[in-house]
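Here are a few notes to keep beside you as you look around this model. Take them in order, and turn the view as you go.

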Amino acid sequence: MTAKPETEPVLAPPTAPAVRLRDAALSYGSRTLWSGLDLEVAPGEFLAVLGPNGSGKTSLLKVLLGLQPLSAGTVEIAGGPARRGSNRIGYIPQQRALEATVTVRGTDLVGFGLDGHHWGVGFRNRRERKRRVEAAVRAVEATEYARMPLGLLSGGEQQRLRVAQALVSDPSVLLCDEPLLSLDIAHQRKVSRLIANQARQAGAAVLFVTHEINPVLPLVDRVLYLVDGRFRVGPPDEVMNSATLSELYRTDVEVARVGGRLVVAGVDDHDHHVPEAEEA
Ligand SMILES: Nc1ncnc2c1ncn2[C@@H]1O[C@H](COP(=O)(O)OP(=O)(O)OP(=O)(O)O)[C@@H](O)[C@H]1O
C-alpha cells in the first residue's frame, strides 16, 4: 500500500491568458468575417495569424486594440477589456508609406509608444524616457537615422522605427500586422528575434499576422488560420497540412515540408510578400 502524502502538492496557479476571445463574431453590415471564435493566447506564446486577403486578420487586431467592437461574444486583453491607448499593448501596424512631408522624427515616433498615464512628467521620468527610447532605437539598429524626419526615411527604416515604438513600453501583448514587410533578410531575422524575445524573455503574448509563415516558422507555437469565415487554431503541424487547408479552402491544397520550410500549393494567397529569412 502506498502511503498517502500528508500535504497536497502545491500547484502553480494557472496563468491567466493574455488574450481571451469567447464566442466572438465580427460582421460588417451583412458580411460576417468570423463567428464562434474561441481563442486564448497565453503569456509567452507566439501565435501566427494567417489567411487570405480580406479574411479578417487586421480586423481581429483592431478588436484587440479596442478600435472595433465585436458583433457578438467577449474579448479580454492584458487582464481587462479591450480599450484604446493601453501601453501594455504594443502594436506594429500594417505598413503605409509616409508622405515625404512628414516631419515627425523617428525618436518622437518611438517615444509615442511610452505615452501613457505615468510617462512624460518630471525630470527623472524624462531621463528614463530618453534612455528607453534610445535603447529601443538601438535594438532595431536605427540610431543613425532616428533623429531624421520620418518622411525622408526608406520604407524599411520607417518600419524598424515602428517596431521600436511597439517594443519600447515592454508590452505584455504584442500585436504585429505583417511586420516584416519591406525589411531586408538580415533585418527580417533581427526583427523576428526581437519580437520572439518579447514573448520568450518578457513573457508577452504575440499575435503575428503574416502571409508568409516560413520566416517565423521556428518561433511559432500555434497558428490561427482564417478562410472565408472558417478557422482552425493549433500547432503549425496540425493546421498547416494538406487535409486541414483543403478543408478550410474547400479546394485541394497541397502542403509539403521542404528543407524545414512549408510549401503551399493550390491557393493563390500564398504569394511570397517578403523574401524569406533562412532562419528566424
Ligand atoms: N470598417 C469597415 N467597414 C466595412 N468593411 C470593412 C471595414 N474594415 C474592414 N472591412 C472589410 O473587412 C474585410 C476584412 O478586412 P481585413 O483588413 O481585416 O482583412 P485582412 O485579412 O487583414 O486582409 P489583408 O490580408 O488583405 O490585409 C475586408 O473585405 C475589408 O474590406
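1. Start at Leu 248, which belongs to helix α7, residues 242-249. This is a predicted model, so please read every value below as computed from predicted coordinates. Is Leu 248 buried or exposed? There are 21 C-beta neighbours inside 10 Å of Leu 248, and because a residue needs 20 or more to qualify, Leu 248 counts as buried.

2. Which residues does Leu 248 touch, once its neighbours within four places in sequence are left aside? The contacts are Tyr 225, Val 227, Arg 230 and Arg 232. You can also look for Gly 229, which is 19 residues away from Leu 248 along the chain; the C-alpha atoms of these two are separated by 9.2 Å.

3. Now move to the open sheet, which has four strands in the order β2-β1-β4-β5, paired antiparallel. The edges are taken by β2 (31-41) and β5 (80-81); each has a single partner strand, so one side of each has no neighbour in the sheet. As a reminder, strands of a sheet pair through backbone hydrogen bonds, either parallel or antiparallel.

4. Strand β1, residues 19-28, is a good one to follow by eye. Seven bridges pair β1 with β2 in the antiparallel sense, and five bridges join β1 to β4, residues 72-77, again antiparallel. Val 19 lets you see both pairings: it stands opposite Val 41 in β2 and opposite Ile 77 in β4. Further along, Leu 26 has Trp 34 of β2 as its bridge partner.

5. The turn from β1 to β2 deserves a glance too. This hairpin has two residues between its strands, and Gly 29 there takes a positive phi near 60°. Another glycine with a positive phi is Gly 66, which follows helix α1 and has a value near 75°.

6. Helix α1 itself comes next. Its buried residues are Lys 57, Leu 60, Leu 61, Val 63 and Leu 64. Why do they line one face of the helix? Seen down the axis of α1, these buried residues fall within an arc of 155°, so they share one face. Among the elements that cover them are β1, β3 (46-50), β4, β7 (173-177), β8 (205-209) and β9 (222-227).

7. Where does α1 meet the ligand story? Helix α1, residues 57-64, gives the most to the shell around the ligand, with three residues. The surroundings of the ligand consist of Tyr 28, Leu 33, Gly 51, Asn 53, Gly 54, Ser 55, Gly 56, Lys 57, Thr 58 and Ser 59. By character, the shell divides into two nonpolar residues, seven polar and one charged.

8. Finally, a word on confidence. The protein chain averages a pLDDT of 87, with 88% of the residues scoring at least 70. Two stretches call for some care: residues 117-123 have a pLDDT below 50 and make six contacts in the model beyond near neighbours in sequence, while residues 271-280 are also below 50 but have 28 such contacts. For the complex, the predictor gives an ipTM of 0.97 and a pTM of 0.87.

Methods:
Residues are numbered from 1 along each chain as its sequence is written. This is a predicted model: local features need pLDDT of at least 70, side-chain atom pairs count only at pLDDT 80 or more; totals for chains, interfaces and linings use all residues. A residue is near a molecule or strand if its C-beta atom, placed from the backbone, lies within 6 Å of it. Ala, Val, Leu, Ile, Met, Phe, Trp, Tyr, Cys and Pro count as nonpolar, Asp, Glu, Lys and Arg as charged, and the others, Gly among them, as polar. pLDDT is the predictor's confidence in each residue, from 0 to 100. Two residues are in contact if their C-beta atoms, placed from the backbone, lie within 7 Å. Two strands pair if DSSP finds at least two bridges between them. A residue is buried if 20 or more other C-beta atoms lie within 10 Å of its own, exposed if 12 or fewer, and partly exposed in between; C-beta atoms are placed from the backbone. The arc is that of the directions from the helix axis to the C-beta atoms.
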